[in-house]
Amino acid sequence: KPVEEEEGDGRLRVATPFPAPRIMDLPQFQGEHKESLYWGTYRPHVYLGIRARTPQSLIAGMMWIGVKDGHYVIRHVCQDSDELKTYGWTHHNGRDYGRQVVVDQDMTLTTSFLKSRENGSGYGGDWAVHIDVQHDKSRLDWDTGHLFFYVADEEGNALSIDRERFNIRDGSLLAFGSRKDVGGWELHLSSKDNLEVHYSGFRSPHMHNLSELVQETLAVNAHKAGVLQLPDSSERSPNIIVFQISTKFPFSTDIAFVSGTDSKSSRVKRVENLTGNLLITQLTEKEKEFEEKYRKCFNSTEKVDSDMIVVGRAAVGNLLGGIGYFYGRSKIALPKESNVSFKFKECQSWGSLCYKVLQLVGQENKIRLEIADPNPSDPDDWLGSRWILSWIVRSRLFLAGTLDQLKNGDGFLPYWPAELYTAVPSRSFFPRGFLWDEGFHQLLIWRWDINICMDIIGHWLDLMNIDGWIPREQILGAEALSKVPEEFVPQHPTNGNPPTLFLVLHDLVRSMKRNEFTAKERNEISSFLERAFIRLEAWFQWFISTQSGKDTSGFYWHGRDKSTTRELNPKSLSSGLDDYPRASHPNEEERHLDLRCWMLLAADSLHSISELLQRKDDLGKGYHSMVKLLSDFEILNQNHFDNVSGAYLDFGNHTEKVRLRWQETKTSTGNYISRELVREVLEMPRLRLVPHIGYVSLFPFIMRIIPPESWILGKQLNLISNRSTLWTDHGLRSLARTSTLYMKRNTEHDLPYWRGPIWMNMNYMILSALHHYSQVDGPYGAKASIIYKELRENLIRNVVSNYYQTGYLWEQYDQKNKGKGKGARPFTGWTSLVVLIMAEAYSEI
Ligand code: 6A9
């Protein structure tokens, strides 16, 4: 089905882009900016993968042969099961240079990437990789190494193999071709070592199974010819060519890609420049530059030693080197029922609006309207009539009655085809974009390269639909899809994710006010914010209209399973804190502390952005009253403060008397059928504060709502520093040891995730607040300062020592077991915030 037809169709509302000029169409993202970021290591899910930022690119990548259980295996896609001792970019500037170290058992591969744009280069310039392979002689019982380097054209253009020349040792041409974007191009190989090169050409539209392609071809040829080598043959008009490079250890090779070769150009010169000693010299210079820039950006204080700096660089390097470019269509799950309910709380001229709603809805749809008293007199009212109108427009009315038609083959609605340039949490486990992770990534990236940061945020905000919704997890294109089990693919339009991008925007506004950017950057940031503003407002409105609670200042993560029989506590994936315990029985009376605080952050950011932009409309004022409401200490305390524990808590329909029990199902004759864990509720839930102390409890502290002189601040510091609640020697636990759900699994198969382990993003936020309270006057400043210093040291020490011991940064750290890294590795998403912790660079909220 043609795209245009779908986009113009009102029934496909969920998949309708937000109707405003795209951020990525701003002039500042065209021209030199765009060209400078064209090629890159934008395929983070493979150990070394290069592509351009275009939907159908020429792609390149590396594989090698390793050994597993006595068998040869192909290494290509970052896979945890490869059990590499370490891998990751120890250096990468996000633009034109990177250096990665990969240790596969007794083999060490160093891959360096360099980009250069010279006179004569085609669009986006040329690039080169230097691959160095070392081995531990004493331990490795084979002496020949096999690398594979491939180029593949996603557009399907045929590639040519230089059959004559690729045996020549110096500066030999491997392959060439031509594309609309870069013109003619050539791929050259150069090495001082005595390499043997073989090849295979393939014709295929699929790029997600290249490892299998190579593996099978090798197997067939091994069977036929008895050698471990590609057969030097090709399918007709191949768009994929794989070169096998074999020789005795140790060895190194350079691969240079030059573009624009159709014009009488300088290509010989350029190839020379990108190979051999000239390449090495440039790489060494770039390495120094990176280290210098690291020093400048994350101005390491005397509190940081050289071991820490090595880890810090690797964190930043892999975060930047892990930035990917994805293209494709998300799959959207549609709501099961078309029964949508709307609440119009305060509504001017509601009569006419209701009429409008009824017009829109039509007869047959069951739409329930709850209309509260209008409040036309309050000009400061943050829910004025203009919001109501947008509620209606953004609602999902058009979906009703047309669900069947919407569903395409696999039962999901495809989102519009979109590009996403983004950092990723983990190159092996989660090599794709996650909305709230990205806010944390950008806290680092804006300090490194503000233009990359705006480019990434721009891409994310352009993914917003007409409802102001942004899909949380971005699984775009076949390569991304191939890494995700089917049940996790569809995105739910009812589900949000914390709007952490506001953390970054808030930082930017602060720095703008302090004049910390160059004049050019200031201009670009301003025009970026100008254009982003309407989307940010719509995002905020999406939360207001879909995640509100019963009273004005209450919010909760909608979409929790009300009728669960298996989950000990129904999860809220939207919150980002997945299994962090909430009220046992989800209902509309719920109030989630974290969401309330995220809304405060969002309102506050919108307010400060609108001030910065000197917007003439009165919207800024509306946000300001929202800020006042959500930061009102009295209201906060009434709704969430527990006098007994001194903690802030969620509110909801809850009982503590819930457990999982094995239930056996048998036939009438007593034959055993199945045994499963089911949830058992031993007491009627009632409306109350939900007595779980953990990260969520600290949100009012994180957002600095608590006045510095309040005794409640003292209480928070106690919860933080008390070993029976949150404190450990390796960072703060996600859930207090005293919680009834501490380290409890949620179902038979769901191990505790946010119920104990230490997470870096939240520790960073808490540490920021500790830093803040240690700087302001008040009776608790000294205590905050002591805790701050100790927590900071614990976090750094633990991440650094884990890195040296295991070769990785991890998704979480064990709160017992000596703070051991756990979960996904490498995880240089928010765990790389350890760099900001070393640099003592915190967000000001
Ligand atoms: C599962 C399985 C190969 C979970 O870092 C990304 C997210 C966070 O946003 C979230 O807060 N992680 C945290 O609770 C990882 C989520 C992975 C979900 C997809 C698919 C694939 O396994």
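## A tour from the ligand outwards

Begin by selecting Asp-578 and the ligand, where a polar side-chain atom of Asp-578 lies 3.0 Å from an oxygen atom of the ligand, a polar contact being a pair of N or O atoms within 3.5 Å. The model is predicted, so local features need pLDDT of at least 70 and side-chain atom pairs count only at pLDDT 80 or more, while totals for chains, interfaces and linings use all residues. Residues are numbered from 1 along each chain as its sequence is written, and side-chain values use heavy atoms, with hydrogens and water left out.

Next, add Trp-436, whose side chain has an N or O atom 2.9 Å from an oxygen atom of the ligand, and then Trp-754, where a polar side-chain atom is also found 2.9 Å from an oxygen atom of the ligand. On its own the ligand has 570 Å² of accessible area, and the protein covers 82% of this (areas by the Shrake-Rupley method with a 1.4 Å probe).

Now widen the selection to the 17 residues that surround the ligand, the closest being Trp-436, Asp-437, Gly-576, Asp-578 and Trp-754 (a residue is counted if one of its heavy atoms lies within 4 Å). Coloured by class, this shell shows 11 nonpolar, one polar and five charged residues, where Asp, Glu, Lys and Arg count as charged, Ala, Val, Leu, Ile, Met, Phe, Trp, Tyr, Cys and Pro as nonpolar, and the others, Gly among them, as polar.

Keep Trp-754 and add Tyr-695. Of the 47 aromatic pairs in the structure (ring centres within 6.5 Å), one is formed by Tyr-695 and Trp-754, edge-to-face (planes over 60 degrees apart), with 6.4 Å centre to centre and 75 degrees between the planes. Tyr-695 sits in the loop between strand S30 (686-689) and helix H18 (699-702), and Trp-754 in the loop between strand S32 (731-732) and helix H20 (760-775), so the pair ties together parts that are 59 residues apart in sequence. Helices (H or I, at least four residues) and strands (E, at least two) are DSSP runs, numbered from the N terminus. Both Tyr-695 and Trp-754 are buried, that is, under 20% relative accessible area with a 1.4 Å probe, counting protein chains only.

Finally, move to strand S8 (residues 126-135), where nine of the 10 residues are buried. S8 runs antiparallel to strand S7 (residues 107-116), joined by 10 bridges, and antiparallel to strand S16 (residues 251-259), joined by seven; strands pair if DSSP finds at least two bridges between them.

Terms used
A polar contact is a pair of N or O atoms within 3.5 Å; within protein, one must be able to donate a hydrogen and the other to accept it, and residues adjacent in sequence count only if both atoms are side-chain atoms. Rings of Phe, Tyr and Trp (its six-membered ring) pair if their centres lie within 6.5 Å; planes under 30 degrees apart count as stacked, over 60 as edge-to-face and the rest as tilted. Buried means under 20% relative accessible area, exposed over 50%, partly exposed in between (1.4 Å probe, protein chains only).
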